[in-house]
Each structure stands twice: as structure tokens, then as C-alpha cells.
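User: I should like to learn how to read an interface and a sheet in a structural model. Could we work through one case together?

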Amino acid sequence: MFRNQYDTDVTTWSPAGRLFQVEYAMEAVKQGSAAIGLRSKTHIVLGCVNKANSELSSHQKKIFKVDDHIGVAIAGLTADGRVLSRYMRNECINYSFTYESPLPVGRLVVQLADKAQVCTQRSWKRPYGVGLLVAGLDESGAHLYYNCPSGNYFEYQAFAIGSRSQAAKTYLERRFKNFSDSSRDNLVKDALMAIRETLQGETLKSSICTVAVVGVGEPFHILDQETVQQMIDAFEIVGEQEGPAAEPDAAAAAAAGQEAAAADQGGSTEEGVAPMDI
Amino acid sequence: MNFMASKQPENSLLGPEADSQRTLYPYVTGTSVVALKYKDGILMAADMGGSYGSTLRYKNVERMKAIGKHSLLGASGEISDFQEILRYLDDLILYDNMWDDGNSLGPKEVHNYLTRVMYNRRNKFNPLWNSLVLGGIKNGQKYLGTVSMIGVNFEDDHVATGFGNHLARPILRQEWHENLSFEDGVKLLEKCMRVLLYRDRSAINKLQIAKITEEGMTISQPYSLKTYWEFSAFENPTQGAVGSW
């Protein structure tokens, strides 16, 4: 995009009917580090890449719990994301207090979108520079929404936002038809695979990514580093060993979860990223 | 700051003019409401009387109304406050429907909303002078709760307001059980309403029974209960009572 005479104000239309400031805000989302989300009928998994500025600093928080049944992953201006998360938490808590019932995620998403729209129609405001992947449950099941700085929102089976998200989107596009009936663990596995796609060859380790799950009977929570590392190891083993003998072992390791993966941990991380066949 | 010309704050505890802004006592009142859970949903009974003090002034007052698709509200106490509550709920259900998504407010949500309203009004010393019964069924889950004018709220398998608390609940405690059939539920409610008719001065013999199930709400046409006044105890009521006349 190039600078032009219609892009100074959010309240100025271009002759082609565009609001450039809003489009620039959406650019900000593309500059943030990747966040992905995918859902089955009963569960939603959110994942994001967490890069710290330097070895000395901690990484930015990009996944927020909004309520037991709703969580959000952000990409873009994290400060804007934090503020919007606080708004969402407030709305959920107020609804819960009045109605003793969880706020349906579909309604929260509309409220969020309306809030974003206001900033596209006031001369003294600027659009929020953050894209939000909202994962939540309501009466009709599991939902994943994407809220844009423009005030639009869309529902998705799976989506990725942020830098190099196209690689993750391509992976998700290939697999999304299976997600509906996927098990919770396979969903997490697919999320990790999608995150790996955005890393472009860098090794996937739990220290640079965050994964969170919410589902029917499972309140929203961020998986701890250990669990994530074990899952990474579990599927990386499957990727490397193509022989049938190895597969049941790896499957057993994934199923048992703890002991086998822990034993293999040392070996797999040293060998590095396995090339994907597919 | 202009102290001299300040208007009386809305619900002030001071000053006689401010009193006209808040409820001090009820004027036209309805008496007990009794409700119970049965196999397919909730059954609720209330008579059609609106008393003006000790006068039975209005005899065609419907004290039970459907709220949305899933709930039924019955009220005793000040009738005009009940009408006000219906207006609030009308707005609530309207906005709920305007979302036009797959979600709707169920009886639990409506009950809690009413609890918030009643409690908040009580805190401002301007109560809605009602005891409410909220019943309903949503996605197979039956719900029955009550809220009083001071905000006391709870859920149970059977509830009653006013005199019903003293006369109907003991009967319900003895005779209610899970999965009552519709006929048994109605018989049990009629038993309670009959006792109330005999013993509550503000009860009239014209009642309605409402039922709410997954299919929706239906309310019966007004009818009367059969009464028997020839009991020998009614002839000389104070015969055995020491000190009575």
C-alpha cells in the first residue's frame, strides 16, 4: 500500500470507497506473530508463536482466558489486545452475575465487533490494531470467530492470523474437513503442526509456542509447557519413523502420554525437525 | 454547588414529598401462588382475585404469564408492580429475540435477572411488592424458583408464596414425588388450593392452572373448586378451643 491523500483520517473515504486507516490497522495484525485456531464439534484449540525480544526478556502474552468457556488469541498490537480482553472479561462477568449463566460467545463477538466499529467512525479515535481469534462455547456447540479491526467478524472451522499465517492456513485448508469429528488430542496435534508451518524450518519447542484448549466439559486453560513439549515429541516421532513397527509404538507413547515420551525426549530434540512427507 | 435549591433526591429517606416516589404499602394485591415440578415440566396455580385491602375487588386478574418460550411467571402481592415486572421482562425477551442467534434466555436466567431487579429495588428502599414464582423447562431441564420482594431467592421442586408457604408447602412436602403425572400434579395443586380457599380470607373460588412443557405454555380456563361446608367442625368451630368464643 502506498501513501495517498485520503489516508490521514479514519473518517475520510477514498474515492474508491475505502477507509485507508482501517486497512492500515489490518496491516498491523499481519505484522504480529502468528496465532491459529481450529475447532471440532466439541473442542476448540488456540495456539500462537511466542517470540521474546531477547534471551533476557519474557515473551508477550497473546492468549487470554476470558471466562471458563471463552478464550482469545491475539495478533497485532498486544496492548490493544489486552484492553479488549479486559472488556470481554468484564462483559462475561457482568452477564454471569445477572443471569447466572455463561455469556454465549456469539453475542460477545458481536459486542466486540460493534466496539471496534465505533473506532472506525469517530475522528478522535483510531481503529484497534489487533486481530482476535475468539474461541468459545454456547448452546449450539463450539465456535471459533475472527474479529477484525474493521469491526467485521467471521466464524471459522480453522484460521490463522499474523505473520507467515499463510503457511498455517494452507496446512489447515488441507485438513479442515476432518476437524469436526477430531478428538481433542488430534486437534491439539493439528494446532501444533499448523504452528510449526509458520516457523519456516525453525525447531518447534514448547518454549516458543503457547497452546490453549476449551471444550464441552473442559474449561478454557492454557496447556503447560511440559504437556506441550510431550505432545510435540509424540508427533515428531511419528513424523520421523515411517515403519509400521514404529507407528504403534509412537501411538502408544502418545496415548500413554508421559513415560515413553519422556524417555524419547532426549533423542528427538537432538535429531531436529523431521521432514514432512505430505 | 447550590444547596438551597436542591431537589429532593429520588428515593431519599427524608421528607414527605420523596415518599410519593417509592412504594410504602401495597394497594391491589393477589394472594398465594403454588407451583410444582412434574414429569413433563412445571404446573402452577393461582386464583384470579385482586384484593383492595380486605375487599375482594377484582375477580378476573390473571396472575400467571408466559415469559419467552421457556418460562412461566406467577406473582402475588401488588398487581401494578407485577405489571411493571412484565414490562421489564417484555423488553428483556425482546432484546434476547433480536439477537436472532441460536441462544435464548431460559428459566434460570430469567429467575436470576428477577432476583437482581428485586434485590436492587429493595436496596433503594423502593421495592416491587411481589413474591414471584418462576418456572420453566429448557432442553429437558426443569427449573422452578422463587424471589421475594426483598430479594430472597431459591430453587426447589415445589414452591409457594404468601399463605401458600404455610398451608400448601406442608402438603407438598408430604405428597410430592418425582415424575408426577399431569393428572396427579393437578390433583395435588387443587388439594393445596382448596385448603387455601377454606383458610385464606383473600382467596376466591376462581382459579387457573398453568402448565409449561418443552412444547410451550398453556393456561386453563378459569374454574372453581368443589367445596364442602357441612363439616361438623365448621358448625361449631370453637367448640374444643379453650378461651375462644
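Analyst: Let us begin with polar contacts across the interface. This model is predicted, and between chain B and chain A there are 10 residue pairs in polar contact, both residues at pLDDT 80 or more.

User: Which elements give two or more residues to the side of chain B that touches chain A?

Analyst: They are helix H2 (79-98) and helix H3 (107-123) of chain B. The largest share of that side comes from H3(B), with five residues. Sorted by class, the side of chain B that touches chain A holds six charged, five polar and four nonpolar residues.

User: How many salt bridges are there between chain B and chain A?

Analyst: For a salt bridge one looks for a side-chain nitrogen of Lys or Arg within 4 Å of a carboxyl oxygen of Asp or Glu. Between chain B and chain A the count is three salt bridges. One pairs the side chains of A:Arg107 and B:Asp96, with N to O at 2.6 Å.

User: How many residues does each chain give to the contact, and what area is buried between the two chains?

Analyst: Chain B gives 15 residues and chain A gives 12 residues. The area buried between chain B and chain A is about 1300 Å², and carbon and sulfur atoms give 50% of this area. In chain B, the residues that lose the most area to chain A are B:Trp99, B:Asn103 and B:Arg116, together 43% of what that side buries.

User: Let us turn to the sheets. In what order do the five strands of the open sheet in chain A stand?

Analyst: A sheet is read by strand order and by the sense of pairing. In chain A the order is E8-E1-E2-E9-E10, and the pairing is antiparallel. Strand E8 (158-161) and strand E10 (218-222) of chain A are at the edges with a single partner strand each, so one side of each has no neighbour in the sheet. From one strand to the next, the twist averages 10°.

User: How many bridges join strand E1 to strand E2 of chain A, and which residue is the bridge partner of A:Arg39?

Analyst: Five bridges join E1 (residues 35-39) and E2 (residues 43-49) of chain A, and the two strands run antiparallel. The partner of A:Arg39 is A:Ile44 in E2(A). A helix also belongs to this picture: H4 (residues 165-175) of chain A lies across E1 and E8 of chain A, at about 170° to E8(A).

User: What is the strand order of the open sheet in chain B, and why is one side of each edge strand left without a neighbour?

Analyst: The order in chain B is E11-E2-E3-E12-E13, with antiparallel pairing among the five strands. Strand E11 (158-160) and strand E13 (216-219) of chain B are the edge strands; each has a single partner strand, so one side of each is without a neighbour in the sheet. Neighbouring strands of this sheet are turned by 15° against each other on average, direction ignored.

User: How does strand E2 of chain B pair with E11(B), and which helix packs on the sheet?

Analyst: Strand E2 (residues 33-38) of chain B and E11(B) run antiparallel and are joined by three bridges. In E11(B), B:His158 is the bridge partner of B:Leu36. Helix H4 (residues 163-175) of chain B packs on the sheet and touches E2 and E11 of chain B, its direction making about 165° with that of E11(B).

User: What is the count of salt bridges over all chains, and which residue forms one with B:Lys37?

Analyst: Over all chains the count is 20 salt bridges. B:Lys37 forms one with B:Asp157, where the closest N and O atoms are 3.6 Å apart. This pair links distant parts of the chain, 120 residues apart: B:Lys37 is in strand E2 of chain B, and B:Asp157 is in the loop between strand E10 (153-155) and E11 of chain B.

Note on methods:
Residues are numbered from 1 along each chain as its sequence is written. Chains are lettered from A and ligands numbered from 1 in the order in which they are written. This is a predicted model: local features need pLDDT of at least 70, side-chain atom pairs count only at pLDDT 80 or more; totals for chains, interfaces and linings use all residues. Side-chain values use heavy atoms; hydrogens and water are left out. Contact means heavy atoms within 4.5 Å. Buried area is the accessible area (1.4 Å probe) that two parts lose on being put together, summed over both. A polar contact is a pair of N or O atoms within 3.5 Å; within protein, one must be able to donate a hydrogen and the other to accept it, and residues adjacent in sequence count only if both atoms are side-chain atoms. Helices (H or I, at least four residues) and strands (E, at least two) are DSSP runs, numbered from the N terminus. Ala, Val, Leu, Ile, Met, Phe, Trp, Tyr, Cys and Pro count as nonpolar, Asp, Glu, Lys and Arg as charged, and the others, Gly among them, as polar. Two strands pair if DSSP finds at least two bridges between them. Axes are lines fitted to C-alpha atoms, for helices over the stretch in contact, and angles run from 0 to 180 degrees between N-to-C directions.
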